[in-house]
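The following report concerns helix packing, chain symmetry, salt bridges and backbone geometry. The structure is shown first.

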2 protein chains.
Amino acid sequence: MHSVRFTAETSSNGVVERDFMVGEVPGVLWSPVSGSDHAPLVLMGHGGGLHKKTPGLMARAHDTVTRWGFTVVAIDAPGHGDRPRMAEDEQARADIQQAVAAGEIERFESISVRYSNSLAERAVPEWQATLDALQELPEIGAEAPIGYGGGMSLGTAIGIPLTAVEPRISAAIFGGGFFAHEALLEAARRITVPVQFLLPWDEEYVGRQSVLALFDAFASEDKTLLANPGTHRRMRWVGVDDEFLVRHLGRAGTSPA
Amino acid sequence: MHSVRFTAETSSNGVVERDFMVGEVPGVLWSPVSGSDHAPLVLMGHGGGLHKKTPGLMARAHDTVTRWGFTVVAIDAPGHGDRPRMAEDEQARADIQQAVAAGEIERFESISVRYSNSLAERAVPEWQATLDALQELPEIGAEAPIGYGGGMSLGTAIGIPLTAVEPRISAAIFGGGFFAHEALLEAARRITVPVQFLLPWDEEYVGRQSVLALFDAFASEDKTLLANPGTHRRMRWVGVDDEFLVRHLGRAGTSPA
């Protein structure tokens with residue numbers, strides 16, 4: 001088992017940011033400057049083609065740390081951010097760009113589904129190894145409640161299979177912006193923890209019906225779908241229940257209600 | 001034009017309840033004991049077969065009055081509550097019961113659509129006359145911001161055509177539990193005010209797709225769909241943005257932000 005190797009530390013606005021490696025996987029941990037031990041830990045995923053320090057993810061992470069005193073972790077997906085791209089990654093990116101440029105939506109969908117499946121198969125054990133390593137840190141330990149804190153497109157295409165197999169995750173936020181293929185539907189049927197699902201209503205390429213079928217598939221008794229106009233690249237969320245995670249993970253320094 | 005004739009007044013838990021008539025239409029007005037003048041006015045609709053003092057509606061009305069200091073009004077729909085049933089009402093009820101008992105879902109749908117259209121055609125001008133009369137009251141006046149505060153099934157089947165033609169309504173909450181037929185879709189396309197739409201995910205008879213098409217049809221730039229498991233007769237709402245009306249109507253004694 002790999003340990004967490006911290007490689008850099010900065011802090012701003014009351015948030016400590018620590019870069020780390022777990023084996024070959026680079027990650028980043030955000031926590032309050034005056035951190036409480038065993039605060040809830042929120043895993044955040046980045047979108048396809050992006051990385052662990054994408055501005056939108058950073059903003060959500062800072063908000064989660066400063067508002068709730070939680071710890072947030074993000075890692076680069078395979079072939080993303082600081083990680084080397086394999087031949088498969090280069091090929092998939094080139095094929096996706098070409099399919100979009102040519103307006104070949106069906107080919108775009110089939111390549112995207114195959115590639116995001118492949119990324120999820122690699123990313124799920126990486127997330128699990130990251131959790132194993134983080135739980136060895138005294139400030140996290142086995143006691144910190146763990147939630148999946150969302151991320152559109154690839155962040156959810158990885159988050160759903162991860163939550164399906166990872167009993168340490170006790171609540172999850174997912175979002176739209178990807179093709180809800182059969183493997184994801186099967187994973188969703190195995191998820192029973194509370195789910196908040198954020199759906200951009202006007203995705204350009206991704207069929208709304210397939211994402212609604214995915215929401216339908218979650219076995220969770222407590223699941224909420226929230227849709228607003230827009231696409232996952234251009235959203236103004238309104239009316240989102242931003243106490244979802246604190247309700248299920250508890251406040252820093254306390255147990256869930 | 002008819003005036004408001006108050007017929008009874010009681011109060012409990014800080015809420016004054018005043019029964020009234022506007023012409024032949026019976027209504028009820030809930031307001032804070034220590035009322036502020038020109039507080040936002042929220043119109044609430046009851047479900048099919050129910051009436052203006054149905055427990056669920058009463059609970060929402062009391063909550064809206066005590067929490068925000070708003071005034072809430074409900075009226076009986078034609079053929080409902082304290083109002084006489086016409087031959088059409090008796091016939092529609094008997095036909096609906098028979099169709100449901102026989103498991104004839106398509107006949108249930110066609111009768112329900114025809115009947116709820118007829119109810120909405122009668123109820124919309126009644127709501128407008130009620131608003132005209134209420135605005136003559138000094139504590140409401142023309143200054144009180146007005147919102148449609150929801151109601152499942154018939155409450156929305158009436159609320160959508162009302163909001164489509166009534167410029168005094170500046171924000172609306174709607175809900176599922178009814179057949180989203182073409183006349184409702186046409187009305188929805190004319191609605192541009194902010195909309196919050198509450199969708200019971202597991203309706204027994206009403207197709208989910210038709211209700212999603214209705215949400216799609218609203219012309220509002222600010223519209224939010226929230227879905228939770230359950231049917232409109234048996235729901236536990238989770239994660240609802242209960243500041244929706246106060247955000248758009250403003251707080252009692254102030255103007256909207």
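In this predicted model, helix 4 of chain A passes helix 5 of chain A in a left-handed crossing. The axes of helix 4 (residues 154–165) and helix 5 (residues 182–189) of chain A come within 8 Å and cross at roughly 40°. Helix 4 of chain A is therefore oblique to helix 5 of chain A. On the side of helix 4 of chain A, the contact is made by Ala157(A), Ile160(A), Pro161(A) and Ala164(A). Helix 5 of chain A contributes Leu184(A), Ala187(A) and Ala188(A) to this contact. As general background, an α-helix has 3.6 residues a turn, so residues three or four places apart point the same way.

The relation between the two chains comes next. Chain B is superposed on chain A by a rotation of 180° with 0.0 Å of shift along the axis, at an RMSD of 0.0 Å. The two copies are thus related as by a two-fold rotation axis. Among the residues of chain B, Leu226(B) comes closest to that axis, its C-alpha lying at 2.3 Å. Of the interface residues of chain B, 100% are also interface residues in chain A, so the copies meet through the same surface.

Helix 6 of chain B (residues 208–217) has as its buried residues Val211(B), Leu212(B), Leu214(B), Phe215(B) and Ala217(B). What covers these buried residues? The covering elements include, from chain A, helix 6 (208–217) and strand 9 (223–228). From chain B they include helix 4 (154–165), helix 5 (182–189), strand 8 (195–200) and strand 9 (223–228).

Attention now turns to charged side chains. Over all chains, the structure holds 33 salt bridges. Side chains of opposite charge can pair when their charged atoms come close. Three of the pairs are set out below, with the N to O distance and the relative accessible area of each partner.

| Salt bridge | N to O distance | Accessibility of the residue named first | Accessibility of the residue named second |
|---|---|---|---|
| Glu17(A) and Lys53(A) | 2.8 Å | Glu17(A), 14%, buried | Lys53(A), 25%, partly exposed |
| Lys52(B) and Asp82(B) | 2.8 Å | Lys52(B), 6%, buried | Asp82(B), 60%, exposed |
| Arg107(B) and Glu104(B) | 2.7 Å | Arg107(B), 30%, partly exposed | Glu104(B), 34%, partly exposed |

The salt bridge between Glu17(A) and Lys53(A) links distant parts of the chain, the two residues being 36 residues apart. Glu17(A) lies in strand 2 (residues 15–22) of chain A, and Lys53(A) in the loop between strand 4 (41–44) and helix 1 (55–68) of chain A. Glu17(A) and Lys53(A) are also linked with Asp19(A) in a network of salt bridges.

In chain B, the salt bridge of Lys52(B) and Asp82(B) likewise links distant parts of the chain, over 30 residues. Lys52(B) is in the loop between strand 4 (41–44) and helix 1 (55–68) of chain B, whereas Asp82(B) is in the loop between strand 5 (71–75) and helix 2 (87–101) of chain B. Lys52(B) counts as buried because its relative accessibility is 6%, under the cut-off of 20%. Asp82(B), at 60%, counts as exposed.

Backbone geometry completes the report. Asn13(A) has a positive phi, near 50°, and is a residue other than glycine. Asn13(A) is found in the loop between strand 1 (4–12) and strand 2 of chain A, and at 69% relative accessibility it counts as exposed. Asn13(B) has a positive phi of about 50° although it is not a glycine. Its place is the loop between strand 1 (4–12) and strand 2 (15–22) of chain B, and Asn13(B) counts as exposed at 69% relative accessibility.

Technical notes
Residues numbered from 1 in each chain as written. Chains lettered and ligands numbered in written order. Predicted model: local features only at pLDDT ≥ 70, side-chain atom pairs only at ≥ 80, totals over all residues. Heavy atoms only, no water. Least-squares fit on C-alpha atoms with pLDDT ≥ 70 in both. Contact = heavy atoms within 4.5 Å. Buried < 20%, exposed > 50% of the residue type's maximum accessible area, 1.4 Å probe, protein only. Helix = DSSP H or I, 4+ residues; strand = E, 2+ residues; numbered from the N terminus. Salt bridge = Lys/Arg side-chain N within 4 Å of Asp/Glu carboxyl O. Axes fitted to C-alpha atoms, helices over the stretch in contact; angles between N-to-C directions. Parallel < 35°, antiparallel > 145°, perpendicular 65-115°, else oblique. Left-handed = near helix turned anticlockwise from the far one by under 90°.
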